[in-house]
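Please look over the structure below before reading on. The paragraphs that follow go through a few of its residues and then turn to the chain as a whole.

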Amino acid sequence: MSPTSPMQCAASLSAGLLLSVLSLSLGASGSAMAAASTSQSEQILRIANGAEPGSLDPQQTNGTWETRITRDLFEPLIAYSADGELIPGLAERWESSADGLSWTFHLREGLEWSDGTPLTAEDAVFALRRLLTPATAAHNATLYYPIVNARAVNTGALAPEQLGVAAPDAQTLTITLSHPSATLEQTLAMSEAAPLPRHVIAAKGTDWTRPANMATSGAFVLKTWSPQAEIRLTPNPRYHAADTVALDEVVYLPIEESHAALNRFRAGEVEIAYGVPASHYTWIQDNLAAALQTYPILGEYFYVFNLREGSPVADQRIRRALNLATRREVITERILGMGQIPSWHFVPKALGEHQGARFDFADWSMDRRMAKARELMADAGYGPDTPLELTLRYNTLEDHKKIAVALGAMWKPLGVKVTLTNTEAAVHYRDLALGDFEVGRYGIIATIADAYDFLNAFSSDNTSNAPGLSSPTYDALIEAAAREGDVGTRQRQLHDAEQYLLDNDVVLPLYDYVTSSLVDPAISGWAPNALDVHPSRYLQLDTSH
């Protein structure tokens, strides 16, 4: 899983005022179709991408705004098609044994890194070992635990050389599993699992991701990286499908504020803007309908509670009271109004095959919920005369702030006084990982289409476990689901894990994501999909007008 982009699925309380501002600053007319890009002779794609990447090392990234870039630079053994389906990547084919424990991947012939060095199966072995090495602290390392000795390597109990991966020859990779895995192919399609240029990493160390040093395997190479300004990619002439790449350059711009991204899009300064301001959504529907791309994705917007000792919300009575008092429909219908689904669950409904759990109070009236919430707060020693002071943390974005303000207003009748604090995305998620928060805004965009991706995040040994949940019961459910080969049994185990999160108020889910992006109609090759994956290798600009 990946934390969401700072611009993802935002909200606003003052649509009328902001629409007036937009009309004054940009005028009521105008369209991305008038963008300067469509008059360019070169194929230069400019993308308003959200936050500044913390790294371009694919094993050091954890946000959607980072993986969009690393996916362009590094191709895994298994890749994604334009519509989000799994297809051969650096491996032209693969097969597994009848018991599902032995997998063999056959690399394409003649593969090279962008610097001309041969790309071999040893590079894939190196990457998987590095991914599980404790010092790497890879965000999704636990997804690879089905590989023999992966857990022991990741915890430092065994050397990386003991991992169940091998390269019998330059074009063959074998992976041995300790138990069948329903998600192996999807995890190997993540850019963090892509082969890495071991020759560069050995020579350059942590500087290997600098533009002058990096060697890539994907459709593009890193031309320049100007922090807080832009990242420029150019085509990789040694990419195995280089003749299918139409773009001459891809420019990623770290524009966190969705209003600014909209302005840049309307001015023709970007061709793609990930995330649109909810306050302008109706206006965009009316004026930029041809550019607006809105559809459900596998993502969840929620808050996490700090369960660690000393945290005021370590008391479940308080967590349950806050969940009871939260009016999810107000957020989705009055603040957002973009088709988000209120969450009485945690795993998004877009994952149709998952048998979802629900809060046991989902069908209660609001009056009944508030009465129970007040009772729980009183039992915990709080109320209007003895208020509970809580700090809500969120990553910097005006729309995240407005949701936090709304939550504070919903909780005020319980005697809760909320203080808001915000930081930029990298700092926010770092502080949550360190447990330096009380109640924190979070979001997950799935990296694999499986409920396990959402639920595994709260295992005791997962670095994404921001709440600090430490539950043998929960861990056993996740471990059982990881090992289970029967589809029905596995679904029941994942259902029970989700129900545990809800019954124990580990999270405060708000809504299932829809994605809303602006995509210049001059772009072809863009296809909506639930994982919201859009590799640049498939995109092309119509520059004929």
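**Residues and the whole chain**

Gln 228 sits in the loop that runs between β9 (220-226) and β10 (230-235). The model is a predicted one, and the values given here are computed from it. Gln 228 has a phi near 65 degrees, which is positive even though the residue is not glycine. Most residues other than glycine have a negative phi. With a relative accessibility of 60%, Gln 228 counts as exposed, because the cut-off for that class is over 50%.

A positive phi is also found at Asn 149, again in a residue that is not a glycine, with a value of about 70 degrees. Asn 149 belongs to the loop between α3 (121-132) and α4 (150-154). Its relative accessibility is 31%, so Asn 149 is classed as partly exposed.

Another loop residue is Asp 385, placed between α11 (366-379) and β15 (388-395). Is Asp 385 buried or exposed? Its relative accessible area is 77%, and therefore Asp 385 is exposed. Along the sequence, Asp 385 and Gly 415 are 30 residues apart, while in space their C-alpha atoms are 7.1 Å apart.

The helix α11 that precedes this loop contains Arg 368. Arg 368 has 47% relative accessibility, so it counts as partly exposed. Between the C-alpha atoms of Arg 368 and Leu 494 there is a separation of 30 Å, and the two residues are 126 residues apart along the chain.

The next residue to find is Arg 537, in the loop between β19 (523-524) and β20 (540-541). Arg 537 has a relative accessible area of 16%, and because buried means under 20%, Arg 537 is buried. Which residues does Arg 537 touch, not counting residues up to four places away in sequence? They are Glu 75, Ala 219, Phe 220, Tyr 239, Ala 241, Thr 244 and Val 245. With one of these, Tyr 239, the side chain of Arg 537 also forms a polar contact of 2.8 Å.

The strand β20 that follows this loop holds Gln 540. At 39% relative accessibility, Gln 540 is counted as partly exposed. Neighbours within four places in sequence aside, Gln 540 is in contact with Gln 43, Ala 246, Leu 247, Ala 522, Ile 523 and Ser 524. Among these contacts, Ile 523 and Ser 524 are the residues given for β19 (523-524). The C-alpha atoms of Gln 540 and Gly 218 are separated by 17 Å, with their positions 322 residues apart along the chain.

These residues can now be set within the whole chain. How many helices and strands does the protein chain have? There are 16 helices and 20 strands. A compact globule of 545 residues would have a radius of gyration near 24 Å, and because the protein chain has 23 Å, the two agree. Taken along the principal axes, the C-alpha atoms fill a box of roughly 70 × 60 × 40 Å.

Of the 545 residues in the protein chain, 58% are buried. Of the contacts with a separation of 6 or more, 74% are between residues 24 or more positions apart. The protein chain exposes about 19700 Å², and 49% of this is supplied by carbon and sulfur atoms. As for charge, the protein chain has 40 positive and 64 negative charges, and the mean positions of the two groups are 5 Å apart.

Technical notes: Residues are numbered from 1 along each chain as its sequence is written. This is a predicted model: local features need pLDDT of at least 70, side-chain atom pairs count only at pLDDT 80 or more; totals for chains, interfaces and linings use all residues. Side-chain values use heavy atoms; hydrogens and water are left out. Helices (H or I, at least four residues) and strands (E, at least two) are DSSP runs, numbered from the N terminus. Buried means under 20% relative accessible area, exposed over 50%, partly exposed in between (1.4 Å probe, protein chains only). A polar contact is a pair of N or O atoms within 3.5 Å; within protein, one must be able to donate a hydrogen and the other to accept it, and residues adjacent in sequence count only if both atoms are side-chain atoms. Contact means heavy atoms within 4.5 Å. The radius of gyration is taken over C-alpha atoms; the globule rule is 2.2 Å times the number of residues to the power 0.38. Accessible areas come from the Shrake-Rupley method with a 1.4 Å probe; for residues, only the protein chains shown count as cover. Lys and Arg count as positive and Asp and Glu as negative; His and the chain ends are not counted. The place of a charge is taken as NZ of Lys, CZ of Arg, CG of Asp or CD of Glu.
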